[in-house]
Amino acid sequence: MQRNNRFSTFYGILVSRPLSRLYRRWVFARLMRDEIRIKRPIKQELWDAGMRECQACGQRFSALKGAELHRKDEDKGYSVENCELLCRECHQELPGR
Ligand SMILES: [Zn+2]
């Protein structure tokens with residue numbers, strides 16, 4: 001198989017461009033789903049423990065949906081101990097997330 005514009009490599013495998021795009025989308029969707037699967041229970045646990053306001057500005061959340069998970073130490077992974085809830089505005093101002 002000759003390499004030309006119609007093909008691109010995906011993890012070292014030569015595939016047609018439309019297929020490669022499809023793969024990338026699939027991998028991205030999987031990553032997003034894993035992230036939600038990890039983050040959601042932590043958010044819920046912090047919420048249930050009584051963290052009902054932004055830990056930076058003190059604004060009360062009306063619902064858990066409005067809260068965003070922030071890692072206190074971005075070198076560490078997502079865990080209840082390493083995470084806090086922030087409002088969207090505060091979260092966007094912080095590096096790392
Ligand atoms: Zn805030």
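A residue is buried if 20 or more other C-beta atoms lie within 10 Å of its own, exposed if 12 or fewer, and partly exposed in between, with C-beta atoms placed from the backbone. The model is predicted: local features need pLDDT of at least 70, side-chain atom pairs count only at pLDDT 80 or more, and totals for chains, interfaces and linings use all residues. Numbering starts from 1 along each chain as its sequence is written.

**Exercise 1.** Determine how many residues of strand 4 are buried, and which strand pairs with strand 4.

*Solution.* Strands are DSSP runs (E, at least two residues), and helices are runs of H or I of at least four, numbered from the N terminus. Strand 4 spans residues 83–87, and four of its five residues are buried. Next, two strands pair if DSSP finds at least two bridges between them. Strand 3 (residues 67–71) runs antiparallel to strand 4 and is joined to it by five bridges. Within this pairing, arginine 71 lies opposite cysteine 83.

**Exercise 2.** Establish the burial class of tryptophan 47 and its contacts beyond four places in sequence.

*Solution.* Tryptophan 47 belongs to helix 1 (residues 17–48). Its C-beta count is 15 others within 10 Å, so tryptophan 47 is partly exposed. Contact requires C-beta atoms, placed from the backbone, within 7 Å. Neighbours within four places aside, tryptophan 47 contacts Arg52 and Leu64. The C-alpha atom of alanine 67, 20 residues away along the chain, is 9.2 Å from that of tryptophan 47.

**Exercise 3.** State the order of helices and strands along the sequence, and the share of buried residues.

*Solution.* The order is β-β-α-β-β-α. Of the 97 residues, 9% are buried.

Methods:
Contact = placed C-beta atoms within 7 Å.
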